[in-house]
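This report describes the fold of one protein chain. Look at the sequence and the structure before reading on.

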Amino acid sequence: MLAVCALAFSAAYALPMRVQIPAVHRSPAPAMGLFDGLKGAFSNDDTLGARSNAGLSKEGTKRTITWVGPTGKEKKSIVVAGQRLKDVARAAGVPVKYDCSEGSCKTCEAQMGNGKIKICVAKVIDRDITIKYGLRQKD
Ligand code: FES
């Protein structure tokens with residue numbers, strides 16, 4: 001009895017060997033009114049020529065700052081000369097501690113080459129440098 005039911009079920013629900021997949025007929029893109037007008041307004045204008053930098057007339061030279069923490073952990077920042085070192089450190093996630101932020105307390109003092117700098121008031125110079133920060137703190 002069970003075998004007869006299983007045979008009847010499989011005969012009733014069996015898929016044909018060849019399945020015809022109908023061709024996809026797509027309708028043309030629907031008109032979007034205002035949005036079609038915006039698409040045209042923001043499309044590229046090929047008559048303008050090659051793309052160029054519309055900002056600064058000459059791009060600044062990029063320099064690398066290597067931050068070395070008290071434990072020797074290093075991080076690198078790509079910078080342009082003249083940037084505030086405090087902003088660069090913050091962007092790189094370098095944990096420098098500040099107190100006065102005016103250059104008078106030496107909380108943020110760091111070693112650059114043979115000299116010492118105060119990160120809160122210093123600016124990036126025009127060469128690749130290594131800064132050892134956290135002289136007065138531990139990571
Ligand atoms: S925070 Fe005081 S000297 Fe930099």
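Which residue stands opposite Gln111 in S5? The residue opposite Gln111 is Lys132. The model is predicted, with local features requiring pLDDT of at least 70 and side-chain atom pairs counting only at pLDDT 80 or more, while totals for chains, interfaces and linings use all residues. Residue numbers start from 1 along each chain as its sequence is written.

**Elements and sheet**

The chain has three helices and five strands. Here helices (H or I, at least four residues) and strands (E, at least two) are DSSP runs, numbered from the N terminus. Their order along the chain, starting at the N terminus, is α-α-β-β-α-β-β-β.

The five strands make an open sheet with mixed pairing, in the order S2-S1-S5-S3-S4. Two strands pair if DSSP finds at least two bridges between them. S2 (74-80) and S4 (115-118) are the edge strands, each with a single partner strand, so one side of each has no neighbour in the sheet. From one strand to the next, the twist averages 30°.

Two pairings in the sheet are listed here.

| Pair | Sense | Bridges | Opposite residues |
|---|---|---|---|
| S3 and S5 | antiparallel | two bridges | Gln111 and Lys132 |
| S3 and S4 | antiparallel | four bridges | Ala110 and Ile117 |

S3 covers residues 109-112 and S5 covers residues 129-132. Between S3 and S4, which form a hairpin, there are two residues. Gly113, in that turn, has a positive phi of about 65°.

**Helix H3**

Helix H3 (residues 85-92) packs on the sheet and touches S1 (62-68) and S2. The direction of H3 makes about 130° with that of S2; axes are lines fitted to C-alpha atoms, for helices over the stretch in contact, and angles run from 0 to 180 degrees between N-to-C directions.

Which residues of H3 are buried? They are Leu85, Val88 and Ala89. A residue is buried if 20 or more other C-beta atoms lie within 10 Å of its own, exposed if 12 or fewer, and partly exposed in between, with C-beta atoms placed from the backbone. The buried residues of H3 cover an arc of only 100° around the axis, which puts them on the same side of H3. The arc is that of the directions from the helix axis to the C-beta atoms. An α-helix has 3.6 residues a turn, so residues three or four places apart point the same way.

S1 and S2 are among the elements that cover the buried residues of H3. Asp87 and Ala91 are exposed, on the face of H3 turned away from its buried side. After H3 comes Gly93, with a positive phi near 75°.

**Core**

Of the chain's 139 residues, 12% count as buried. The largest nonpolar core (a set of buried Ala, Val, Leu, Ile, Met, Phe, Trp, Tyr and Cys residues joined through C-beta atoms within 7 Å) has 15 residues. Those with the most contacts inside this core are Ala89, Val96, Ala110, Ile119 and Tyr133. S1 and H3 each supply at least two residues of the core, and the largest share, three residues, comes from H3.

Beyond its neighbours within four places in sequence, Ile119 is in contact (C-beta atoms, placed from the backbone, within 7 Å) with Leu85, Lys86, Ala89, Val96, Cys108, Ala110 and Tyr133.

Notes. Contact = placed C-beta atoms within 7 Å.
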